[in-house]
Amino acid sequence: MQRVIQRTTSARRQALKKTIKNHERQELLDRVGIRRARKDFGGALSSQFQEARKNRWEDWEKGPLAPMRDSGLQRTTYGGQDASVLHPPRLPKQEQRRHVLFAEGDRVCVMRGRDQGKINVIQQVNRDSETVLIKGINMADVIIPEWAKDRLGNTGDTQPQAFPVSFDDIRHVIPLEDTETGKMQNVIVQHAYAAGPYVERGDHSKLPRFTRYVSGLDIEIPWPAEEEPVITDGDMDTTRMAVETSTFTPTLEQPPMPSTVIDELRNKYSRFRTRHDPEYLREKMKEDYRKEYRKTVSMMTPKTDARNFMIAKAQEARKAQLDANGNGILTPGAIDFINTHLQNAQRLQKSKKSTKTKQAA
């Protein structure tokens, strides 16, 4: 039985070590992948900016002799952006914000960029890259690949699309009552924070549980309203009464799962199991008893007798070399060697002292 427990404990420990190593390896791969994706994304933006600066310099420097870029193969895609820019890479987990204060349906104002000062509604929130898509804001033409034209139902080579905007470049816009005039007016919230109370929401909701407030004023910023999905029963759906009917009554007389179900979920003789059948435990105990009996009982042969005699003789010799306290007893030869060494040391010290006195005189 003890061996069964030891094997189970050892198997659990090994499985835990393997899980930790796999988790660390996966974290390393994720960090490398994120770093590579951000590098590629930055390189793509940098190449686009460099090409745009080069084109602007040629247009200004050459004037009427500047090349016509809206002709030839680039006639229909001139000025369009690559679709890869629409999907910025996600930030590392340790750099992401703990609370995302923006949600789909919020009215926000753009604080930087070419659309600075424009107000509109958020269409999509990307928590991994901390960007949002705002309706009609930061629009640009995107080049549509050939394989995507039929799927999108677009015959042109470009399509206008809203590009992502960072969380740092937008602010909430909420209606507040003016204390002097008493009228409602839109106010841009410069700073906001998250706090309680934490609200329980349905499974269909995408909103977080915390509440957001205006910093300094402690005024609550309401979350956008969500519509509950309409669920209709189909022909093959189970009725609500059949689902809510309790078919299991817990009792202390029998376990919650039959042994056959546990055997189906996990191997009957798995090393990770802590509960085994009584027959299996009896067999294991018998095996342990057999091993212990084989260790104590051996076949009596002249060879084994001679070996046991030599072992017993060596043990008696080692015991004879110890005193009553268990310390080793020195032999006469060792004692003579120690006395001779001490006498030689004393003579050497006396000779050194005599030479020092003669030099002093």
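**Figure 1. Where strand 6 meets strand 3.** In this predicted model, Val165 in strand 6 is the bridge partner of Val132. Strand 3 and strand 6 pair in the antiparallel sense, with two bridges between them; pairing here requires that DSSP finds at least two bridges between two strands. Strands are DSSP runs of E with at least two residues, helices are runs of H or I with at least four residues, and both are numbered from the N terminus. Local features are shown only at pLDDT of at least 70 and side-chain atom pairs only at pLDDT 80 or more, while totals for chains, interfaces and linings use all residues. Residues are numbered from 1 along each chain as its sequence is written, and side-chain values use heavy atoms, with hydrogens and water left out.

**Figure 2. The two faces of strand 3.** Let's stay with strand 3, which covers residues 131-134. Thr131 and Leu133 point one way, Val132 and Ile134 point the other way, and all are buried, meaning under 20% relative accessible area (exposed is over 50%, partly exposed in between; 1.4 Å probe, protein chains only). In a regular strand, side chains alternate between the two faces of the sheet.

**Figure 3. The hairpin of strands 2 and 3.** Four residues lie between strand 2 and strand 3 in this hairpin. Look in the turn for Glu130, whose phi is positive at about 55°. Four bridges hold the antiparallel pairing of strand 2 with strand 3, and Val125 has Val132 as its bridge partner in strand 3.

**Figure 4. Val108, with a partner on either strand.** Strand 1 (residues 107-110) pairs with strand 2 (residues 119-126) in the antiparallel sense over three bridges. Strand 1 is also joined to strand 7 by three bridges, again antiparallel. Val108 is a handy residue to follow here: its bridge partner in strand 2 is Asn120, and in strand 7 it is His172.

**Figure 5. Strands 7 and 8, and the sheet they belong to.** Strand 7 (residues 170-177) and strand 8 run antiparallel and are joined by six bridges. His172 turns up again in this view, now opposite Val189 in strand 8. Stepping back, six strands make an open sheet in the order 6-3-2-1-7-8, with antiparallel pairing. Its edges are strand 6 (165-166) and strand 8 (184-189), each pairing on one side only.

**Figure 6. A three-stranded sheet.** Strands 9, 10 and 11 form an open sheet in the order 9-10-11, and the pairing is antiparallel. Strand 9 (192-195) and strand 11 (220-221) are the edge strands, each of which pairs on one side only. Between strand 9 and strand 10 (residues 211-214), which run antiparallel, there are four bridges. One place to look is Ala195, whose bridge partner in strand 10 is Thr211.

**Figure 7. The close-ups in context.** The protein has seven helices and eleven strands. Its radius of gyration, taken over C-alpha atoms, is 42 Å, well over the 21 Å from the globule rule (2.2 Å times the number of residues to the power 0.38) for 361 residues, so the protein is more spread out than a compact globule. The C-alpha trace spans about 115 × 95 × 60 Å along its principal axes. Buried residues make up 19% of the 361 residues.
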